[in-house]
Amino acid sequence: MTTERVTIQVESNIGEDGPLTVFDTLDQFKDAFELLTAAISQEPGGEKIRWRLEHLSKNSPATVTAVAYTDDPEVVAGPLVHRGKQRFSRDMAALREGGSVSPWLRQKSSVAKQFLRRNLNGVGKTAIVLEEDAPQTILVERSARASLKSLERAEAAAETEDKSHSEFGVIDAHVGRTDTYHGKPALYIKDRLSGSLVPCVLSDDLAAKVGPAHSWADAWTNKRIRVKGRIYYDRDGQISRVSAVDMEDVSPRDVNLKELREIDLLSGKSPVEHLDKLWGYSDD
């Protein structure tokens, strides 16, 4: 079984030999693991992951290494921690690059802002090593400022969300991923008409109904679903959010080609005779 570990390094803002306060160092470690745990918690069973301290060093850079584990024998920690690490790395990179802010990061925005702001005052560099052979997640003053701006833009957009245009209806979509939306269980679905990925927030009853049946595998199989609920539109008329009360899978049926060929759609008529009757020419 693969051991999933994480190493976090913190340096002073005036270089490796600069002083780091106890609070800055320990708070940076704590917030980093809290954010990483939030990303992993998006996986089914991820909320049961804990961290065992493996190594702690005050030498510059201050370093902590921890190993993921769980007390639940039914939860296999390795695969879900690995996927959670990938989500953390991908979403933190999107934050630095000014992209969209993942729902789990919005939910942990207060922790994320503390973590980022510390890189502007006291902490000069934070390095998160998720995999031995993978690129590190690096935060310095410049990237921390860019990430903070992304969070602030997302918060401002959420406050001004246009909810004036909505209707109750049904849409066909494909599952993009399972996640949360402002702390509520949600599927992110790709609208079949626009192709955009929008949050589909599940009611409590619907979450209890579909929760065990839908997993992260749906994102890879591109499962087609039909969603019933209140559909919200933005100012451009595009779907921005769905509050779902019911949902069903749309599964393709096996078709017997032989039986299909035997269907007599024209009731014994030739194509010309059928069209003549359809258009009324046969009555002339």
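Here are some short exercises on the predicted model above, each with a worked solution.

This is a predicted model in which local features need pLDDT of at least 70 and side-chain atom pairs count only at pLDDT 80 or more, while totals for chains, interfaces and linings use all residues. Residues are numbered from 1 along each chain as its sequence is written, and side-chain values use heavy atoms, with hydrogens and water left out.

**Exercise 1. Take stock of the protein.**

Start with the elements: nine helices and ten strands make up the secondary structure. Here helices (H or I, at least four residues) and strands (E, at least two) are DSSP runs, numbered from the N terminus. Next, look at burial: of the 284 residues, 41% are buried, meaning under 20% relative accessible area with a 1.4 Å probe, protein chains only.

**Exercise 2. Find the order of the strands in the open sheet, and its edges.**

Step one: five strands form this sheet in the order 2-3-1-4-5, with antiparallel pairing. Two strands pair if DSSP finds at least two bridges between them. Step two: strand 2 (50–57) and strand 5 (137–139) stand at the edges with a single partner strand each, so one side of each has no neighbour in the sheet. Step three: zoom in on strand 1 and strand 4, which pair over six bridges in the antiparallel sense. In that pairing, S12 stands opposite V123 in strand 4. Step four: add helix 2, which packs on the sheet and touches strand 1, strand 2, strand 3, strand 4 and strand 5. A general reminder: strands of a sheet pair through backbone hydrogen bonds, either parallel or antiparallel.

**Exercise 3. Trace the barrel.**

Follow the strands in the order 6-7-8-10-9: these five close into a barrel with mixed pairing. Then pick one pair: strand 7 (residues 184–191) and strand 8 (residues 197–202) are antiparallel over five bridges. Within strand 8, L197 is the residue opposite K190.

**Exercise 4. Which residues touch the most other members of the largest nonpolar core?**

First, the term: a nonpolar core is a set of buried Ala, Val, Leu, Ile, Met, Phe, Trp, Tyr and Cys residues joined through side-chain atoms within 4.5 Å. The largest has 39 residues, and I8, W51 and F88 touch the most other members. Helix 1 gives the most to this core, with eight residues. Now look around W51: leaving out residues up to four places away in sequence, its contacts (heavy atoms within 4.5 Å) include F33, L36, I40 and V81. Finally, a second, separate core has 19 residues, among them V198, A207, I225 and A244.

**Exercise 5. Is C200 buried or exposed, and what surrounds it?**

Locate C200 in strand 8. With a relative accessible area of 0%, C200 is buried. Its contacts beyond four places in sequence include P185, L187, V227 and A244. C200 also shows how the chain folds back: S243 is 43 residues away in sequence, but 5.9 Å away in space, C-alpha to C-alpha.

**Exercise 6. Compare S147 with helix 9.**

Begin at S147 in helix 5. S147 is buried, with a relative accessible area of 0%. Its side chain reaches the backbone oxygen of S143 at 2.9 Å, and beyond four places in sequence S147 touches L95, R96, L116 and L139. Now turn to helix 9 (residues 271–279): the number buried among its nine residues is zero, so this helix lies largely in the open. Just after helix 9 comes G280, with a positive phi of about 90 degrees.

Technical notes: Buried means under 20% relative accessible area, exposed over 50%, partly exposed in between (1.4 Å probe, protein chains only). A polar contact is a pair of N or O atoms within 3.5 Å; within protein, one must be able to donate a hydrogen and the other to accept it, and residues adjacent in sequence count only if both atoms are side-chain atoms. Axes are lines fitted to C-alpha atoms, for helices over the stretch in contact, and angles run from 0 to 180 degrees between N-to-C directions.
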